[in-house]
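User: Please take me through one part of this model in close detail, starting with a helix and what it packs against. I am new to it, so keep the sentences short.

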Amino acid sequence: MEKRFDINELGYSVRCILYYNKDIHEIKDVVIATYGFGGTKENKATAKFAERLVTKYKGFGVICFDWPCHGADARKKLILEECITYLQLAIDYAKNEMKAENLYSYTTSFGGFITLKYIAEHKNPFRKIAMRCPAIKMYDIMVQSISEEDMAKLEKGKEIMAGHDRMLKINRQFLEDLKASDIRNNDYIDYADDILILQGTKDEMVSIEDTKEFAENNVIEMIPVENADHPFSNPSKMDFAIQKCVEFFG
């Protein structure tokens, strides 16, 4: 089952979906699910993961929300710090409104980058974190996706459009904030036992070598998934990744 709601705090309106099994009042464990750059909370990977999780384990619920400027969000220009704020608001809602006893994180790509940035700045609120192809070098990934023409516009102080499901307005400050938020400079060893990373060996967006290096440096378990691409478009590869994440949370 699912419930749609908004978190209206601090002048923001965070658009959310809550997935749960039968009784919303039985939820004691809440997973905050986040996705990649330019995506939306209405993504099949999250819905499939949530369905598997809430039917397998009693008392779980999954919240997925739209990042700023993503999906149904009303904001017009993407600001990195507002992504952190949205994640904080979702965490606060789960803890204060839903009275969650435990928080978990299921995150992908850009969502993984934001989650790791949040942990470095605010400590870790999650009992366990499952990541699929986290964008370890988000600045590099972003720059590589921007054309020379658009880069020239950014250098001149102009804004450009970027994204996938929805085009997002970004400026030079957004890129500078990404560059300053290099998560490789942070230490996650204290949380290593509670983090699992999966990534496809054919990932065309996020370097699996960068992810392996990050995992090794922080003693985090990483599972390479043979021949899986960045979105895990092969259903069997996605099923494998979801199953591993569900088992990890269980």
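Analyst:
**One helix and its packing**

The buried residues of H1 pack against five strands and a helix: S2 (12-19), S3 (29-34), S4 (60-65), S5 (102-108), S6 (128-132) and helix H8 (235-249). Helices (H or I, at least four residues) and strands (E, at least two) are DSSP runs, numbered from the N terminus. Buried means under 20% relative accessible area, exposed over 50%, and partly exposed in between (1.4 Å probe, protein chains only). Contact means heavy atoms within 4.5 Å.

This is a predicted model: local features need pLDDT of at least 70, side-chain atom pairs count only at pLDDT 80 or more, and totals for chains, interfaces and linings use all residues. Residues are numbered from 1 along each chain as its sequence is written, and side-chain values use heavy atoms, with hydrogens and water left out.

H1 runs over residues 44-56. Its 13 residues reach 18 Å from first C-alpha to last, close to the expected 18 Å. That expectation is 1.5 Å times one less than the number of residues. Which residues of H1 are buried? They are Ala45, Thr46, Phe49, Ala50, Leu53 and Val54. Down the axis of H1, these buried residues fall within an arc of 140 degrees, so they line one face of the helix. The arc is taken over the directions from the helix axis to the C-beta atoms. An α-helix has 3.6 residues a turn, so residues three or four places apart point the same way. Turned away from the buried side of H1 are the exposed residues Lys44, Glu51 and Thr55.

Next comes H3. S5, one of the strands that H1 packs against, is joined to H3 by a loop that holds Ser109. Ser109 is not a glycine, yet its phi is positive, about 50 degrees. Ser109 counts as buried because its relative accessible area is 8%. H3 itself is mostly covered, with ten of its 13 residues buried. Among them are Phe110, Gly111, Gly112 and Phe113. The ends of H3 agree with the expected span: its end C-alpha atoms are 18 Å apart, and 13 residues should span 18 Å. Just after H3, Lys123 takes a positive phi of about 70 degrees.

H3 (residues 110-122) packs with H2 (residues 80-97) at an angle of about 80 degrees, and their axes are 10 Å apart. Axes are lines fitted to C-alpha atoms, for helices over the stretch in contact, and angles run from 0 to 180 degrees between N-to-C directions. H2 and H3 are therefore roughly perpendicular, a term for angles of 65 to 115 degrees. From H2 the contact includes Leu80, Cys83, Ile84 and Leu87. Partners in H3 include Phe110, Phe113, Ile114 and Tyr118.

S6, another strand beside H1, leads by a loop to helix H4 (138-144), and Lys137 sits in that loop. Lys137 counts as partly exposed because its relative accessibility is 23%. Leaving aside neighbours within four places in sequence, Lys137 is in contact with Arg184 and Asp210. Lys137 and Asp182 are 45 residues apart in sequence but 6.9 Å apart in space, C-alpha to C-alpha.

One loop remains before S2. Leu10 lies between strand S1 (2-9) and S2. Phi of Leu10 is near 55 degrees, positive in a residue other than glycine. Buried or exposed: which is Leu10? Leu10 is exposed, with a relative accessible area of 66%.

How values were computed. Parallel < 35°, antiparallel > 145°, perpendicular 65-115°, else oblique.
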